Amino acid sequence: MTDGGAVLGRIRGWQRRHWRERSKAERVELQSVITWYVTTWLFSVSWLALPLVGALARRPGPLVVGTLLLLVGALQCVEANRRTRSVLDHYLGRAPLPPRALRPAAVLLALALALTLVLASLDGADPVAVRLFTGAALLPFGLLYGLVAPVRVFLRRSAALAVALMAAFGCVDREPAGIVMIGVLTVFGALFSLLACRCGAWTLSVLWEAERAREVEARLAVAEERLRFGRDLHDVVGRNLAVIALKSELAVQLARRGRPEAVEQMIEVQRIAQESQREVREVVRGYRKADLGIELAGAQGVLSAAGIECEVRGAAAELAPEVQSALGWVVREATTNVLRHGDTTRCAVVLTVKEGRVVLTVENDGASAPAGAGGSGLAGLRERLSAVGGTLEAGLIGGDLFRVVAEVPVSVREVTA
């Protein structure tokens, strides 16, 4: 049982490292890459390995050629899987493709087509199977080359390859239907590989562009908030500083002339400076104060914009300002955690008043790990709530549901008195 628990622990750790801790874009990319891996092997098995076993002539020559063809097909799949990541990074503009990176895949393609042609010349397999071998040889290279070459170049060269293969196999099998089928399978293999790789890679590029746009939008929101705070400080302090500068200059001139009014001017400067200090503290206090109603509306808007179904129930209009501020910070932090962690599709925010206490519950699915309950953000919320006599509980509740429950007395003045 101990060994079994260790194995399950390693599996869960792998899931957290390689799946749960990934963003949505990273998950889609991993799924696409795995699909390309499987597609390459699937076509090789269904179009090459299985037909080869049943259609190969039991003679020494065809057996040798068929075995070599099977080995080359496996090497094609291995090489295609090995180069998929680098080709995708090249298409997405993340890293340049090394020079001659596709040369091994091209050599294996030429070798597979040559062996197929030799097998056809030896009459070592059924003609239909030989045509399937041709299609199986084209796909591993096509999935790579389709992301490297421009579409027009890919189509032009695929058409030229189809004509060359039709001519080569026409020398071996002069049946018109067989020659046409070689061309059809070549075109099918080229178009299928092009659509498979291009559609998936284009979807990934759009997804990553949207991910970058979200990051830029978040940075712009922070920058806008900083600018707003800067404007508020400028409006409050700017005028007073200008008055202080003028009165200080006047006091200097009066002091140089020995006039007693200089003391009165400096007293006025001191008063204005103290008043400015008080106004700055009020601006900062208002900046740090969270309004619960605004935070609830903002959370619903942000989560809905992120594609998360968000339900908000309850009103905050009649609550004391201290209660609204404390619970507003809970909503802000919980919303941030929902956006940052896990793969949330649904979030519910419920505000209720019962037995003299306000209860705020934030529950979301797609939670990645219970470690979030001990984060620094939640620790800071506990400190804020304790200052007004409140409590906070957070953690997983069965499966992947994560719940945050904050309770604050309705009347803070009675608690703190």
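The second largest cavity holds about 50 Å³ of space. This is a predicted model, so to speak of cavities here is to speak of computed ones.

Who lines this one? Going along the chain, the residues are Ser44, Leu48, Leu69, Gly73, Gln76, Ala112, Phe133, Ala136, Ala137 and Pro140. Three elements, α2, α3 and α5, each give two or more residues to that lining. The largest share is from α5, with four residues. Sorted by class, the lining of the second largest cavity has seven nonpolar residues and three polar ones, and no charged residue.

Now the largest cavity. Its volume is about 70 Å³. The elements with two or more residues in its lining are α2, which runs 24-55, α3, which runs 60-91, and α5, which runs 127-148. As for individual residues, the lining consists of Trp36, Thr40, Ala80, Asn81, Thr84, Leu143, Leu144, Leu147 and Cys197.

What is the split by class in the lining of the largest cavity? Six of the residues are nonpolar and three are polar, with no charged residues.

On the helices, then: α2, α3 and α5 each put two or more residues into the lining of the largest cavity, and α2, α3 and α5 also do so for the second largest. Neither lining includes a charged residue: none for the largest cavity, and none for the second largest.

Last, the count. With a cut-off of 30 Å³ or more, there are three cavities in the model. I have gone through the largest, at about 70 Å³, and the second largest, at about 50 Å³.

Terms used: Residues are numbered from 1 along each chain as its sequence is written. This is a predicted model: local features need pLDDT of at least 70, side-chain atom pairs count only at pLDDT 80 or more; totals for chains, interfaces and linings use all residues. Side-chain values use heavy atoms; hydrogens and water are left out. On a 1 Å grid over the protein atoms alone, a cavity is a set of points where a 1.4 Å probe fits but cannot get out, and a pocket is an open set with protein on both sides within 12 Å along at least five of seven lines; lining residues have an atom within 4 Å of a point. Grid points are joined across faces, edges and corners, and a volume is the space filled by probe spheres set on the points. Ala, Val, Leu, Ile, Met, Phe, Trp, Tyr, Cys and Pro count as nonpolar, Asp, Glu, Lys and Arg as charged, and the others, Gly among them, as polar.
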